[in-house]
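Let's take a walk through a protein assembly and look at where its parts meet and where empty space is left. Keep the 3D view open while you read.

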Amino acid sequence: MHIAEGFLPPVHAVAWTVAAAPFVVHGARAVTMAVRTDPDAKLLLGASGAFCFVLSALKIPSVTGSCSHPTGTGLGAVLFRPPVMAALGTVTLLFQALLLAHGGLTTLGANVFSMAVAGPWAGYGGYRLVRALTARLPETTALGLAVFTAATLASLSTYTVTSLQLALAFPDAGSGIPGAFAKFAAVFSLTQIPLAVIEGLITVVIVRLLSTVARDELLRLAV
Amino acid sequence: MTHHTDPAAAPAVLAGRDLVFGYRAGDPVPVFSGVTVEVPAGSVLAVLGPNGGGKTTLLRLLAGSLTPDAGRVVLDGTEVRPTRRGVGELRRRVQLVFQDPDDQLFSASVAQDVSFGPLNQGRPEPEVRERVAWALAALEIADLADRPTHLLSYGQRKRVVLAGALAMRPDVLVLDEPTAGLDPEGVEALLATLGGLRAAGTTLVISTHDVDLAHRWADHAVLLDRRVLAAGPARAVLTDPALLSAARLRPAWGPAVGAALRAAGAVPATAPDPATPGEVIRLTR
Amino acid sequence: MTHHTDPAAAPAVLAGRDLVFGYRAGDPVPVFSGVTVEVPAGSVLAVLGPNGGGKTTLLRLLAGSLTPDAGRVVLDGTEVRPTRRGVGELRRRVQLVFQDPDDQLFSASVAQDVSFGPLNQGRPEPEVRERVAWALAALEIADLADRPTHLLSYGQRKRVVLAGALAMRPDVLVLDEPTAGLDPEGVEALLATLGGLRAAGTTLVISTHDVDLAHRWADHAVLLDRRVLAAGPARAVLTDPALLSAARLRPAWGPAVGAALRAAGAVPATAPDPATPGEVIRLTR
Amino acid sequence: MLAIDAAAYRGPWRRLHPAVKGTLFGGLLVCALVLPAWPGAALSALAALAAGFGPARVPPRAFLRAAWAPSLFVLTGAVTLLVSVGGPDGPVAWAPDGARRAAEVSGRAAAALCCQLMFAFTTPLADLLPRLTRLGLPAALVEVVALTYRMLFVLLDTTRRIQAAQAGRLGYRSRAAWIRSLGALGAAVFVRSYDRARRMRRGLECRGYDGTLTVLVEERPVRPAAIVAAVAPPLLVAVAALAAGISPSPG
């Protein structure tokens with residue numbers, strides 16, 4: 001869920017940029033380190049960035065009939081880890097703003113915080129947790145559950161953080177920030193909650209297939 | 001436009017009438033317009049033309065993979081409606097095979113990939129299984145069924161993709177540059193297989209810029225360079241050097257050599273054109 | 001192995017001796033072994049063979065893009081050491097152009113992409129700028145200099161990659177299936193451009209399975225099917241039907257037709273083989 | 001392939017230095033955000049549209065198509081400002097001043113969107129990316145971003161072809177088939193992206209790749225006159241909006 005250009009008051013736009021900055025700088029440093037140790041990494045990271053962009057440009061079936069896109073952040077976090085995902089996600093969001101008009105330039109910081117920081121971390125946390133809890137289950141089931149959790153949780157937390165960002169910017173006249181949060185969450189839940197579930201299912205299919213056709217790559221990425 | 005009339009042609013199982021297509025705004029490829037083609041049932045139609053002339057676009061329009069901006073696609077005499085249902089029926093009966101097999105193989109194993117279409121058609125499992133086995137047998141790749149798709153050779157992948165299309169039991173098989181990237185042996189093997197399908201009654205549409213292949217193999221030919229330059233029986237369309245040069249194609253060896261040899265008296269005046277250099281070599285022995 | 005001796009051949013600028021290469025474990029392509037080829041300076045060498053026969057592997061070994069498991073690559077009479085320095089020198093002087101242009105285009109701008117090689121050679125900026133301009137002009141794509149790569153056609157991208165290789169001023173240009181995917185007009189245009197480079201003294205190595213192309217265009221030919229089946233002057237190697245069939249290739253039209261026409265008295269006994277069907281058509285007019 | 005990108009390369013403003021376009025549309029964007037919404041945002045939008053559809057000749061249809069999705073977000077977001085929940089007037093009530101707030105927020109956002117889109121429609125990313133190093137970003141990072149840009153078109157092309165092939169075999173007919181198809185597509189694109197990276201390394205090695213992707217960027221000097229011309233419209237908008245704010249509003 002991309003906050004459009006100009007929707008946030010300037011003070012909020014700046015504040016979210018400041019909030020996202022340390023994560024992005026950390027991610028950028030992780031990327032630079034990876035590139036320095038292995039020249040191949042540059043091309044693989046470029047390809048991964050392109051993969052993230054293409055993933056987020058897919059159309060997925062939604063209840064409202066409007067066109068919806070997966071966030072891809074849960075899968076990205078599992079494949080590339082949240083720090084790298086903070087950098088790749090920022091690049092994806094920048095390209096989405098300039099190539100597709102999804103999200104804005106002044107709202108880039110806010111969108112990075114929800115989609116390239118909060119989403120991946122929540123998704124990755126969920127993935128690790130489920131992996132730990134299902135260590136005794138057969139690998140396919142355990143991996144499927146963990147990946148579903150990661151993708152759904154990443155998508156849902158993105159949606160929650162965005163609603164919160166909007167609530168902070170536009171508190172309700174009567175009930176303040178909690179009321180505004182409830183309003184925004186309710187309005188966008190119609191599209192976002194089913195989307196999160198569908199994204200979870202798609203991501204399971206992706207990882208299942210990858211575990212047969214791209215086992216080497218997954219091992220390299222330590223999934 | 002040159003139209004050679006063809007009294008012997010069967011009724012068209014598939015046709016495009018006055019098709020217009022312009023890529024979405026901003027795309028560099030310009031419009032393709034007023035294109036009319038007829039695909040007679042049970043025959044082979046070759047679509048020839050230069051790159052960028054619209055061969056792939058025409059094939060995709062005929063197979064319901066693109067929607068024309070104007071004009072109609074007609075299936076068995078009935079206009080295809082641009083609805084979910086109409087396009088779905090067109091796609092089921094007209095199967096398109098793209099040039100690059102890697103764009104069409106997305107499952108883990110060969111059998112899984114071939115079952116993709118029939119499963120989407122909602123066929124019951126035993127029937128799907130039976131269709132997969134039949135399609136693999138028709139392409140002579142039954143032994144590859146359990147192989148992972150990414151470990152196959154280029155020629156094998158081309159065959160798996162064809163099997164995937166065939167498993168939908170289409171009436172018309174549309175093939176974009178089916179021989180591209182194959183070596184001579186691969187081309188001959190593929191043509192033998194396609195010959196089997198043709199004999200079994202499948203209508204074929206192929207695009208190519210190999211005039212020799214089209215001349216040897218197609219019943220009808222269309223020359224396309226953003227519009228139809230000529231259409232009619234392959235023999236007539238593909239032996240006219242002026243037409244071919246207008247379509248920026250090279251004349252075929254077969255008819256040129258046949259004519260020269262007949263004129264020189266090297267073969268009887270009624271001898272057919274040679275299809276391969278091998279036939280010419282046998283003459284001089 | 002058939003070796004037609006070729007007394008007129010220039011000394012080899014590049015050679016592979018007893019090359020052995022097996023793809024890494026797990027890959028389905030088997031070993032390629034004992035391959036020896038000589039690339040005479042200033043000539044065109046065609047490498048022909050079926051898919052999977054090792055054409056691309058040989059080209060990559062010769063250009064330093066793969067390291068042989070055994071055997072030697074010899075540049076100007078000196079063996080290439082498998083060191084950074086040795087391979088670097090080989091790669092600088094022998095430029096490989098892959099079949100798929102997207103394998104070598106990494107920049108969004110054409111001029112920037114072409115500047116990559118000369119910059120890596122440590123050339124000063126004004127010289128790089130001059131080389132880029134020269135390479136683009138040689139490929140007749142000076143007008144594409146600041147076009148984005150992703151909005152170019154396939155044929156244009158092929159030219160940009162060639163310009164990128166040429167800007168490194170190599171002694172040998174190695175082209176993997178340079179005509180694949182081009183239409184007849186594109187093939188002729190590319191051959192004209194390559195003819196210019198050849199006339200200017202660049203040694204060319206091309207892989208193809210188009211025997212007609214090789215016969216018309218190459219000075220020397222190697223038939224490769226996991227080992228060298230024949231090597232020698234193109235005219236000798238490519239007119240021997242038994243050899244071609246051993247390499248699973250089809251004979252060329254040109255020599256077959258030339259022989260038949262000469263035998264029939266349609267042309268004088270000293271007439272050369274026709275290079276295109278157009279020349280045959282002109283005969284019968 | 002992507003309408004905004006293609007238009008940016010083809011437009012007459014492509015030759016202008018990105019800094020000039022950035023100054024013009026960035027300045028107007030700031031005006032839309034910080035000036036009083038009426039008439040500041042309206043004037044900014046007007047100026048951006050006039051520049052974009054006028055001399056920059058941005059195709060209007062492509063512009064509208066691109067503006068559609070973000071406008072939907074702005075409208076949905078603004079609608080929630082109309083009502084108030086859990087206040088003294090009951091669980092759901094019309095928010096006091098809600099209409100004015102919704103109008104202001106959506107007006108500002110619409111104006112800002114126009115500025116952003118006009119910048120995107122006139123400035124190719126390929127002109128922008130090499131200049132990111134000027135902003136102090138590490139060269140290695142900028143190279144990764146530039147590679148992402150190049151590769152995304154190759155992958156997007158692949159994705160569209162795979163999707164067309166799946167649709168041809170009825171892969172998007174039902175929701176279950178859709179999910180299955182998208183999953184297969186995602187996996188295929190991942191494999192292809194890694195394959196692309198490997199093949200590109202192989203291709204670049206032949207041209208002397210040793211870990212850095214240095215290219216020669218043609219320097220285009222920024223003409224001071226152009227910068228002055230780009231500063232003028234935002235400045236005029238600001239002066240006009242502030243003047244309108246000072247003068248007593250009619251009624």
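Start with helix H1 of chain A: H1(A) gives the largest share of the lining of the second largest pocket, nine residues. Keep in mind as you look around that this is a predicted model.

**The second largest pocket**

How big is the space that this helix helps to line? The second largest pocket has a volume of about 1,200 Å³. It is lined by 44 residues, and the ones closest to its centre are A:Leu94, A:Leu108, D:Leu132, D:Leu135 and D:Leu137. As those names show, chains A and D both take part in the lining.

If you'd like to trace the walls, here are the elements that give two or more residues each. On the chain A side, they are helix H1 (10-37), helix H4 (82-100) and helix H5 (108-133). On the chain D side, they are helix H2 (18-34), helix H5 (98-122), helix H6 (125-128) and H7.

What kinds of residues make up the lining of this pocket? Sorted by class, there are 32 nonpolar, nine polar and three charged residues.

Chain D has another twist to offer. Its domain assignment gives domain 1 (3-123 + 221-246) and domain 2 (133-206). Notice that domain 1 is written as two stretches of the chain. The centres of these two domains, taken over C-alpha atoms, are 32 Å apart, and the lining of the second largest pocket draws at least three residues from each of them.

**Where chains A and D meet**

Which two chains share the most contacts? Of the five pairs of chains that touch, it's chains A and D. Their contact takes 70 residues from chain A and 74 residues from chain D. Between them they bury about 6,100 Å², and 80% of that is on carbon and sulfur atoms. Within chain A, the residues that lose the most area to chain D are A:Lys42, A:Leu43 and A:Leu99, which together make up 12% of what that side buries.

There are also charged pairs to look for, since the count between chain A and chain D is three salt bridges. One to find is between the side chains of A:Lys42 and D:Glu143, at 2.4 Å from N to O. So A:Lys42 turns up in both places: among the residues that lose the most area, and in a salt bridge.

**Where chains D and B meet**

Now move over to chain B. The contact between chains D and B takes 25 residues from chain D and 26 residues from chain B. In chain D, the residues that lose the most area to chain B are D:Arg169, D:Leu170 and D:Arg173, together 35% of what that side buries. Three salt bridges are found across this interface too. In one of them, the side chain of D:Arg169 meets that of B:Asp113 at 3.4 Å, N to O.

Chain B has two domains of its own, domain 1 (2-251) and domain 2 (252-285). Their centres are 31 Å apart, and the contact takes seven residues from each domain. On the domain 1 side, B:Asp212, B:His215 and B:Arg216 lose the most area, together 63% of what that side buries.

Here are the three interfaces side by side:

| Parts | Buried area | Share on carbon and sulfur | Salt bridges |
|---|---|---|---|
| Chain A and chain D | about 6,100 Å² | 80% | three |
| Chain D and chain B | about 2,100 Å² | 51% | three |
| Domain 1 and domain 2 of chain B | about 550 Å² | 58% | zero |

What about chains A and C? They do not touch, and their nearest C-alpha atoms are 9 Å apart.

**The largest cavity**

Finally, look for closed-off space. How many cavities of 30 Å³ or more are there? The count comes to five. The largest cavity has a volume of about 130 Å³, and 15 residues line it, with B:Gln95, B:Leu96, B:Gln104, D:Ala165 and D:Arg169 closest to its centre. You've met D:Arg169 before, in the salt bridge with B:Asp113.

Which elements supply at least two residues of this lining? They are strand E7 (94-97) and helix H5 (154-166) of chain B, along with helix H7 (139-168) of chain D. E7(B) gives the most, with four residues. By class, the lining of the largest cavity has nine nonpolar, five polar and one charged.

How values were computed. Residues are numbered from 1 along each chain as its sequence is written. Chains are lettered from A and ligands numbered from 1 in the order in which they are written. Side-chain values use heavy atoms; hydrogens and water are left out. On a 1 Å grid over the protein atoms alone, a cavity is a set of points where a 1.4 Å probe fits but cannot get out, and a pocket is an open set with protein on both sides within 12 Å along at least five of seven lines; lining residues have an atom within 4 Å of a point. Grid points are joined across faces, edges and corners, and a volume is the space filled by probe spheres set on the points. Ala, Val, Leu, Ile, Met, Phe, Trp, Tyr, Cys and Pro count as nonpolar, Asp, Glu, Lys and Arg as charged, and the others, Gly among them, as polar. Domain bounds come from an automatic or database domain assignment. Contact means heavy atoms within 4.5 Å. Buried area is the accessible area (1.4 Å probe) that two parts lose on being put together, summed over both. A salt bridge is a side-chain nitrogen of Lys or Arg within 4 Å of a carboxyl oxygen of Asp or Glu.
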